[in-house]
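Student: Can we go through some of the charged pairs in this one, and then a helix?
Tutor: Fine, here is the model.
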Amino acid sequence: MSPDHPPGLDLDRLRGLLERERPGLVTGALTGRLVEGGRSNLTYLVGDGTRQWVVRRPPLGHVLATAHDMRREHRVISALHPTKVPVPEPLLLCEDEEVLGAPFYVMEFVEGTPYRTAEQLAPLGPERTRQVVLSLVDTLVDLHAVDPEEVGLSDFGRPEGFLDRQLRRWGKQLDASRNRELPGIDELHAALGRELPRSPAPTVVHGDFRLDNVLVGAASEPEQGADEIRAVLDWEMSTLGDPLTDLGLLVMYSQPLGMPDSPVSTTAQAPGHPAPRELIERYAARSGRDVSEVDWYTAFAWFKLAVILEGIHYRYTLGQTVGRGFDRIGELVPVFIEHGLTTLQKGE
């Protein structure tokens, strides 16, 4: 592999398609490279020496059942682009697998930084960090204020029974990864099932809303402060459902894990990072939603992440993962289970 010919991206075929479908867009020879980002779909940065774009496609060797992800991602950002929700402008959807071997789409490149750790946030200083995280909450409120019918997304999901289906789905995922005792996880799953909250009116749900899935850059308007959310990325888990699941996940990621050098990090310990309670109160005040049962949603987020991490740990034990840090994922799972149980007890 060379930097200009990453696997899964045929630049000659891509250029031919762009010249047919978007004449005049590309003005020079294309180069491309794989960039870090979403954990399942692949993201490439492509440029012609003057402009840059982003290409998203399923992983190499994907099965056909996952090909719809590209259509869903392209559909949701196309629907949201005219709204207040900051998303990259979608430029092209290609479902012809002859071009790159899988469906893919092209969108504009947005300049910005995805902050993944407290260490990365620290140079901003406490006040800028605080404002960035509060802006993240405001962006979530804007997303949940979008009327799905008005933007053509009324059939984007099945909101009825959403929480029950989510619990069953992640329970099945847990069963598929069981290869060791995990004290408390069945107790957590059962307790969540006994106390299902009554969902508010459904909205577009991002499904993985957190700071490292947005791009932060210099604010375009002085009154907005030094920074703003330039784009929300990674829409592969988006659907219509309970908006408080997004809030619960954001709250979960705003709590310290209490594990130094953890392979899964949060930004919670960055100086100036708002406490979870402030995030919850800001969301409630700006959205007008009842957040009295937010502890259930936060506990569900701890459970979901515990299941995801156990799946990664299981694949590690089978020798199916590549990279650093996977050997320590397994020790995180009991921490997430304990946080989930403690959060549920707090909300009783």
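Student: Is Arg 71 buried or exposed?
Tutor: Arg 71 is partly exposed, at a relative accessible area of 35%. Buried means under 20%, exposed over 50%, partly exposed in between (1.4 Å probe, protein chains only). This is a predicted model: local features need pLDDT of at least 70, side-chain atom pairs count only at pLDDT 80 or more, while totals for chains, interfaces and linings use all residues. Residues are numbered from 1 along each chain as its sequence is written, and side-chain values use heavy atoms, with hydrogens and water left out.
Student: Which residue does Arg 71 form a salt bridge with?
Tutor: Glu 95, with the closest N and O atoms 2.6 Å apart. A salt bridge here is a side-chain nitrogen of Lys or Arg within 4 Å of a carboxyl oxygen of Asp or Glu. The two residues are 24 apart, Arg 71 in helix H2 (residues 68-80) and Glu 95 in the loop between strand E4 (90-94) and helix H3 (97-100). Helices (H or I, at least four residues) and strands (E, at least two) are DSSP runs, numbered from the N terminus.
Student: And how many salt bridges does the structure hold?
Tutor: 21.
Student: Switching to H9, which of its residues are buried?
Tutor: Pro 276, Leu 279, Ile 280, Tyr 283 and Ala 284. They lie on the same side of H9, because they cover an arc of only 130° around the axis, taken from the directions from the helix axis to the C-beta atoms.
Student: What covers them?
Tutor: The cover includes helices H5 (126-145), H8 (244-252) and H10 (294-317), where contact means heavy atoms within 4.5 Å.
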